[in-house]
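Colleague: I would like a close look at one part of this predicted model, taken slowly and with the reasoning spelled out.

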Amino acid sequence: MPFANFKVPAGSLDEKQKELIVTRTTELYVEVYGERARNSTMVLVEEVTDGGWGIGGDVLTLAMLQQPARD
């Protein structure tokens with residue numbers, strides 16, 4: 001069974017965006033494994049509590065992620 005697990009900051013995606021992740025991921029697996037993968041593909045979108053993850057040793061928050069990118 002193909003399986004994909006996306007961990008995202010809580011509140012960063014709306015229901016439509018989560019649905020898009022699920023449908024596009026499923027389509028990708030179907031493209032790779034063939035139509036037989038459609039009914040058994042599992043996609044999990046997990047929301048991580050704000051401040052509950054980090055990168056490069058720094059804790060990230062939703063507010064930090066929503067800031068405009070620096071050039």
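Colleague: How many aromatic pairs does the structure hold? Please start there, and then take me through the surroundings of that part.

Modeller: The structure holds one aromatic pair. Its members are Tyr29 and Tyr33, whose rings are stacked, with 6.0 Å from centre to centre and 25 degrees between the planes; the arrangement counts as stacked because planes under 30 degrees apart are classed that way. Both residues belong to helix H1, and because they are four residues apart there, about one helical turn separates them. As to its surroundings, Tyr33 has a relative accessibility of 42% and is therefore partly exposed, since that class covers the values between 20% and 50%.

Before going further along the helix, a word on confidence is in order, as this is a predicted model. The mean pLDDT of the protein is 92, and 100% of the residues score at least 70. Among the elements, H1 has the highest mean pLDDT, at 98, whereas helix H2, which spans residues 62–65, has the lowest, at 82.

Helix H1 covers residues 15–33, and Thr25 lies within it. With a relative accessible area of 11%, Thr25 is buried, because the limit for that class is 20%. A polar atom of the Thr25 side chain lies 2.6 Å from the backbone oxygen of Ile21. If neighbours within four places in sequence are set aside, Thr25 is in contact with Ala4, Phe6 and Val43. The next residue to consider is Thr26, which is also found in helix H1 and is buried too, with a relative accessible area of 13%. Under the same exclusion of neighbours within four places, the contacts of Thr26 are Arg38, Thr41 and Val43, so that Val43 appears in the contacts of Thr25 as well as in those of Thr26.

The contact with Arg38 leads out of the helix, for Arg38 lies in the loop between H1 and S2. Arg38 is partly exposed, at a relative accessible area of 29%, and, when residues up to four places away in sequence are not counted, it touches Thr26, Glu27 and Val30. With Glu27 there is a polar contact from side chain to side chain, at 2.5 Å. In the other direction, Arg38 and Thr61 are separated by 23 residues in sequence and by 34 Å in space, taken between their C-alpha atoms.

After the loop, the strands deserve the same care. Strand S2 comprises residues 42–48, and Met42 has its place there. Met42 is partly exposed, with a relative accessible area of 38%, and apart from neighbours within four places in sequence it is in contact with Met1, Pro2, Phe3 and Ala4. The C-alpha atoms of Met42 and Val30 are separated by 12 Å, the two residues being 12 residues apart along the chain. Val48 is likewise found in strand S2, and, with residues up to four places away in sequence not counted, Val48 touches Lys7, Val8, Pro9, Ala10 and Trp53. Between the C-alpha atoms of Val48 and Glu35, which are 13 residues apart along the chain, the separation is 32 Å.

How is S2 joined to strand S1? Strand S1 comprises residues 3–9, and seven bridges join it to S2, with the two strands running parallel. Within this pairing, Asn5 has Leu44 as its bridge partner in S2, and Phe6 stands opposite Val45 in S2. In a regular strand the side chains alternate between the two faces of the sheet. Phe6, which has Val45 opposite it in S2, is also one of the contacts of Thr25.

The helix and the two strands can then be taken together, as S1, H1 and S2 make a right-handed β-α-β unit. The stacked pair of Tyr29 and Tyr33 with which you began is thus placed in the helix of that unit, because both residues are in helix H1.

For contrast, one may look at the part of the chain after H2, where Gln66 lies. Gln66 is exposed, with a relative accessible area of 57%, because values over 50% fall in that class. From C-alpha to C-alpha, Gln66 and Ser40 are 34 Å apart in space, and they are 26 residues apart in sequence.

Methods
Residues are numbered from 1 along each chain as its sequence is written. This is a predicted model: local features need pLDDT of at least 70, side-chain atom pairs count only at pLDDT 80 or more; totals for chains, interfaces and linings use all residues. Side-chain values use heavy atoms; hydrogens and water are left out. Buried means under 20% relative accessible area, exposed over 50%, partly exposed in between (1.4 Å probe, protein chains only). A polar contact is a pair of N or O atoms within 3.5 Å; within protein, one must be able to donate a hydrogen and the other to accept it, and residues adjacent in sequence count only if both atoms are side-chain atoms. Contact means heavy atoms within 4.5 Å. Rings of Phe, Tyr and Trp (its six-membered ring) pair if their centres lie within 6.5 Å; planes under 30 degrees apart count as stacked, over 60 as edge-to-face and the rest as tilted. pLDDT is the predictor's confidence in each residue, from 0 to 100. Two strands pair if DSSP finds at least two bridges between them. A crossover is right-handed if, with the strands pointing away from the viewer, the path from the first strand over the helix to the second runs clockwise.
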